Each structure stands twice: as C-alpha cells, then as structure tokens.
Amino acid sequence: MVRRVSLSVAIVLILLPLAVVAAEEQRYARYPEKPYAEVIEDLRFAIAEHNFRITSSNEIGAAITARGADTVPLSMVMHICNLDYAGRILKSAPDRLLDMPCRLAVYQDDTGVTIQARLIDQTDQRVTDIASRVNAILRDIVVFAAAPVD
C-alpha cells in the first residue's frame, strides 16, 4: 500500500510541472514600451484589421476603483470574436464553446504595460487547423499593439 501511494505521488510530482508549462503555453504576452491608452487604441485597430469584433470589454481596474476601493492599476479584458471562425469551431466541436470569445488582457503595473492573449488549445484534432489560424491572428494583434510608436 505504501509503495502504491509513493508511486502515485512520484507520478504526480513528475507530471505537475508539465501541466504548469502547458497552462503557461496557452498565453502569449508582450510588454510594450508605450502608454496604456495607446496600447488600447492600437489593439482596437488591430482587432478590426483582422476582421474580429470586440464583443465586450471590462475595465476591471476602473470598476474596482469606482467602488471606493484603493486605486488599482489600469486593466482591461477584451472579448473578441470572428463569427466565421467561431462558427467553424462550434460545428466541429460544440464542447469547445468556452474557447469563445477569444480574450485579450491589458494591464499596467510598476514594470509597465503587459498585453496577453489567451490562446486556443490546439491539441484537439477537431479544431487544430482553426485554432492554429486564430492563435496566429491573436499573436499578430498583440505584436501590432506592442510595436513601438514611430
């Protein structure tokens, strides 16, 4: 019994770091050296240029501050969607609905501004091609928004 538990614990300890790495690989981040407001403006432009639409945006930092809490850093989560890609995913794998809409996060802290995209898992064979295309677009959007101002 002790041996079986020890083996189980060993397997978990070996596989746990792999799960953490996999979770981290689902995010794509850039750290622009320009003001938060310009990053948001450039994100909006890049989203439209890639034929995605902002379905909602949540200014989390402003909402927390408005409730009378201490001032928190500027932060926003944008939900974006391209109905063509969303329809393809829904037809191929309706259980992947939680992958939509795509999400971008922008926040400012003591080190500067960060942009993150939550990427779609490409390991599901039913949506690998679509997820690969959408992830490439999400990376392009983040790269554009993070690019230095000329």
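How much area does the protein expose, and what share of it do carbon and sulfur atoms supply? The exposed area comes to about 9,800 Å², with carbon and sulfur atoms supplying 58% of it. Areas of this kind come from the Shrake-Rupley method with a 1.4 Å probe, and for residues only the protein chains shown count as cover. The model is a predicted one, so local features need pLDDT of at least 70 and side-chain atom pairs count only at pLDDT 80 or more, while totals for chains, interfaces and linings use all residues. Residues are numbered from 1 along each chain as its sequence is written, and side-chain values use heavy atoms, with hydrogens and water left out.

Now for the overall layout. The protein has 5 helices and 5 strands, and along the sequence they follow the pattern α-β-α-β-α-β-α-β-β-α. Both kinds of element are DSSP runs numbered from the N terminus: helices are H or I runs of at least four residues, and strands are E runs of at least two. Of the 150 residues, 33% are buried. Here buried means under 20% relative accessible area, exposed means over 50%, and partly exposed is in between (1.4 Å probe, protein chains only). Among contacts with a separation of 6 or more, 67% involve residues 24 or more positions apart; a contact means heavy atoms within 4.5 Å.

Strand S3 (75-81) is a good place to look next. It is largely enclosed by the rest of the structure, because 5 of its 7 residues are buried. Strand S2 (residues 53-58) pairs with S3 in the antiparallel sense over 5 bridges, and here Asn58 stands opposite Val77. S3 and S4 also run antiparallel, joined by 6 bridges; one pair of bridge partners is Ser75 and Tyr107 in S4. Two strands count as paired if DSSP finds at least two bridges between them.

Two methionines show what S3 touches. Met78, in strand S3, is buried, with a relative accessible area of 1%. Its C-alpha atom is 6.0 Å from that of Ser56, although the two residues are 22 apart along the chain. Leaving out residues up to four places away in sequence, Met78 touches several others, including Ile40, Leu43, Ile54 and Cys102. Met76 also lies in strand S3 and is buried too, at a relative accessible area of 5%. The C-alpha atoms of Met76 and Ala62, 14 residues apart along the chain, are separated by 8.7 Å. With residues up to four places away again not counted, Met76 touches Tyr36, Ile40, Asn58 and Val106, among others.

Helix H4 (83-92) has buried and exposed sides. Its buried residues are Tyr85, Ala86 and Ile89. Seen down the axis, these fall within an arc of 100 degrees, so they line one face of the helix. The arc is that of the directions from the helix axis to the C-beta atoms. On the other side of H4, Leu83 and Lys91 are exposed. The buried residues pack against S3 and H5. At the N-terminal end, Asn82 acts as a cap for H4, with a side-chain oxygen 2.9 Å from the backbone nitrogen of Asp84.

What about helix H5? This helix (residues 128-146) has 19 residues and reaches 27 Å from its first C-alpha to its last, close to the 27 Å expected at 1.5 Å a residue. The expected span is 1.5 Å times one less than the number of residues. Among the buried residues of H5 are Ile130, Val134, Ile137, Leu138, Ile141 and Ala145. The buried residues cover an arc of only 170 degrees around the axis, which puts them on the same side of H5. What covers them includes strands S1 (27-30) and S5 (112-118), along with helix H2 (36-49).

One last residue links up with the end of H5. Lys34 lies in the loop between S1 and H2 and counts as buried, at 8% relative accessibility. The side chains of Lys34 and Asp42 are joined by a polar contact of 2.4 Å. A polar contact is a pair of N or O atoms within 3.5 Å; within protein, one must be able to donate a hydrogen and the other to accept it, and residues adjacent in sequence count only if both atoms are side-chain atoms. The Lys34 side chain also reaches the backbone oxygen of Ala145 at 2.9 Å. Beyond neighbours within four places in sequence, Lys34 is in contact with residues including Val39, Val113, Phe144 and Val149.
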